[in-house]
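User: I am new to this structure and would like to understand the reasons behind the labels used for it. Could you take me through them step by step?

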Amino acid sequence: MADTNKTAKLSFDGKELELPILSPSAGPDVLDIRKLYAQGDVFTYDPGFTSTAACDSTITFIDGDLGELLHRGYPIDQLAEKSHFLEVCYLLLYGELPSAVQLEDFESRVTNHTMLHEQMVYFYRGFRRDAHPMAIMTGVVGAMSAFYHDSTDITDPWQREVATIRLIAKMPTIAAWAYKFSIGQPFVYPRNDLDYASNFLRMCFSVPAEEYEVNPILSRAMDRIFTLHADHEQNASTSTVRLASSSGANPFACIAAGIACLWGPAHGGANQACLEMLREIGTVDRIPEYIARAKDKEDPFRLMGFGHRVYKNFDPRAKVMKQSADEVLDLLGIENNPTLQVAKELERIAIEDPYFKEKKLYPNVDFYSGIILDAMGFPTSMFTPIFALARTVGWISQWKEMIADPQMKIGRPRQLYVGPTARDYVDVENR
Ligand code: SDX
C-alpha cells in the first residue's frame, strides 16, 4: 500500500484534524481513520460497510463500474478460458502463476489429501437424511478441528500450510458426501487418477453398481464454475472468515463460519434461490408480473441473481457463466431448456427496464450458475455447497494474508448507541 503525502482536513466542534490519504495500486484512495477516535473522540458510521476498506490486500481487485475482476492482476475471463481451478488456487495462495514443476507438486499435494478421516463417516450419520447439505458442510468443516488438531496452531507456518492443503483437498469429498448422504446412496471415495473437478463429479454421481465415465465437457464446465467462484475481495463470507480468524481461532472453525455466512440468500444462497425463482416464473409470459413485484416497495420480493454491492455493471463472471450455460445445455441437447429461455428473456427485459437501469441491477454470478448445475444433475440444495467448495481457496488465501500481516489485530467494531441511557433498577411491585 503506497502512502501519499496527501491529507484530508476535517474540522468540527472547534477541532481541526488532518487524516492521511492512502493510495492503492488500483481503485479509490482511502482515508486513514485509524487515529480518528484517539484524536477526534468520534467514530465513523457505515452499517453494511458500503464505504469502508476493512483491510489492505494483494489478492483480488474488483472495479464495479468497469465490470472488472482481477486475481493477482490476471483478468477472470482469461483465467476462466486459459487456466484451471488448481492453477488459480496456486495463484491466489502464493501470488504468482506456478511453473510446471510447482504446479505438479501442488496438484500432487492436493490429490493426496482428498480422503477424510474414516471416523468422519460416523459424524455424517448423526445428521437426518433430509438435512440441507449446507448444514452438513458447516458442521463437518467445523468438526475438522477435532479430527485434524495437528494443523490448528495458526502461529506455525507449516501447520497453516497443512490446513490449507487439507481444506482445499477435502472440500469436494465433504460436499459430495453431504449430497450422497442426503439421497441415501453410499459414499464414493476420491480417486488419485482423476483431476479435481472430475473427482468431484464422480464422487457425486457414480454408484457401486456400475462404472462411471466423467464427461470431459462437464468436468471442464465444473472446473470453470469453481474458478469463477474462487475469490471475490472482501465479500460478506470472506469478511466473516477474516473477523473470526482475527481472534486466533483455528482455520477449520473460521472456514465453517464463512460457509454459514455464504448460505444466506442475499449471498451464496442466491444461486439456489435464483433457480427456484426461475422455476416459479415458469414461462416467459409471467416475467412482467415478477418484474412488477421486484419494483414494488411493499413487496419484499427481489429478483434473485440480480444486483450486487460492487458491480454496477455486468458481473464479468456472469458473462463467462452464460457462455458455459449455452455450451453445457447444447452438449446435453437441452438448448431449448425452458428455465434457460426464461432466464435469457428475464435478463433481456430487466436490462432494458428503466428501473433496473437506474438501480444498476445486472445479472450476477448466481444468475446462470444454477442453470448449469441443474442441467448437470445437481439438486438446488447442492448449488451453495458447490459455491462454498470453490470459495474455500479464496477464504484461505485471505486468511493466510491476514495471519501473516504483522499489523493484524482482533477485529472489534464500535457502534452508534441509541438505546436507553443509565437508569436505576425498579422492583417488580413498582413497575
Ligand atoms: C453474491 O459481495 C460479493 O462479492 C458477493 C458475491 C461473491 O462472489 O462473494 O459476488 C456473491 O453474493 C452475489 C449476490 C447474490 N445475491 C442475490 O442475487 C440476491 C438478490 N440481490 C439483492 O439482494 C442485492 O442486490 C444484493 C444483496 C446483492 C446487494 O444489495 P445492496 O448492495 O445492499 O443493495 P441494496 O439492497 O441497498 O439495493 C439497492 C436498491 C434498493 O432499492 P432502494 O431501497 O434504493 O429503492 O436496489 C434494489 C433495492 O431494493 N435492489 C433490488 C435488487 N437488488 C437491489 N431490487 C430488485 N431485485 C434485486 N435483486
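**Labels and their reasons**

Analyst: D13 is placed in the loop between β1 (2-12) and β2 (15-23), where helices (H or I, at least four residues) and strands (E, at least two) are DSSP runs numbered from the N terminus. This is a predicted model, in which local features need pLDDT of at least 70 and side-chain atom pairs count only at pLDDT 80 or more, while totals for chains, interfaces and linings use all residues. Residues are numbered from 1 along each chain as its sequence is written, and side-chain values use heavy atoms, with hydrogens and water left out.

User: Why does D13 count as exposed?

Analyst: Buried means under 20% relative accessible area, exposed over 50%, and partly exposed in between, with a 1.4 Å probe and protein chains only. D13 has 68% relative accessibility and therefore counts as exposed.

User: What is the phi of D13?

Analyst: D13 is not a glycine, yet its phi is positive, at about 45 degrees. Most residues other than glycine have a negative phi. E233, in the loop between α9 (216-228) and α10 (236-245), is also a residue other than glycine with a positive phi, near 60 degrees.

User: Why does E233 count as partly exposed?

Analyst: The relative accessibility of E233 is 25%, so E233 counts as partly exposed.

User: How do you know that the span of α6 agrees with the expected one?

Analyst: The expected span of a helix is 1.5 Å times one less than its number of residues. Helix α6 (residues 133-147) has 15 residues and should therefore span 21 Å, and its end C-alpha atoms are 20 Å apart, which agrees. Among the buried residues of α6 are P133, M134, I136 and F147, and what covers the buried residues includes α5 (120-124), α7, α11 (251-262) and α18 (383-403).

User: What puts the buried residues of α4 on the same side of that helix?

Analyst: Helix α4 (residues 100-111) has 12 residues and reaches 16 Å from its first C-alpha to its last, close to the 16 Å expected at 1.5 Å a residue. Its buried residues are L103, F106, V110 and T111. They cover an arc of only 130 degrees around the axis, which puts them on the same side of α4; the arc is that of the directions from the helix axis to the C-beta atoms. On the other side of α4, V101 and E104 are exposed. The cover over the buried residues of α4 includes α3 (85-94), α7 (157-182) and α8 (196-205).

User: Why is K400 called buried, and what is K400 in contact with?

Analyst: K400, in helix α18, has a relative accessible area of 18% and is therefore buried. Contact means heavy atoms within 4.5 Å, and, leaving aside neighbours within four places in sequence, K400 is in contact with L93, Y94, E161 and T164.

User: Why is I403 called buried?

Analyst: I403, also placed in helix α18, is buried because its relative accessible area is 15%. Not counting residues up to four places away in sequence, I403 touches I154, R160, S245 and M408. The C-alpha atoms of I403 and L389, which are 14 residues apart along the chain, are separated by 22 Å.
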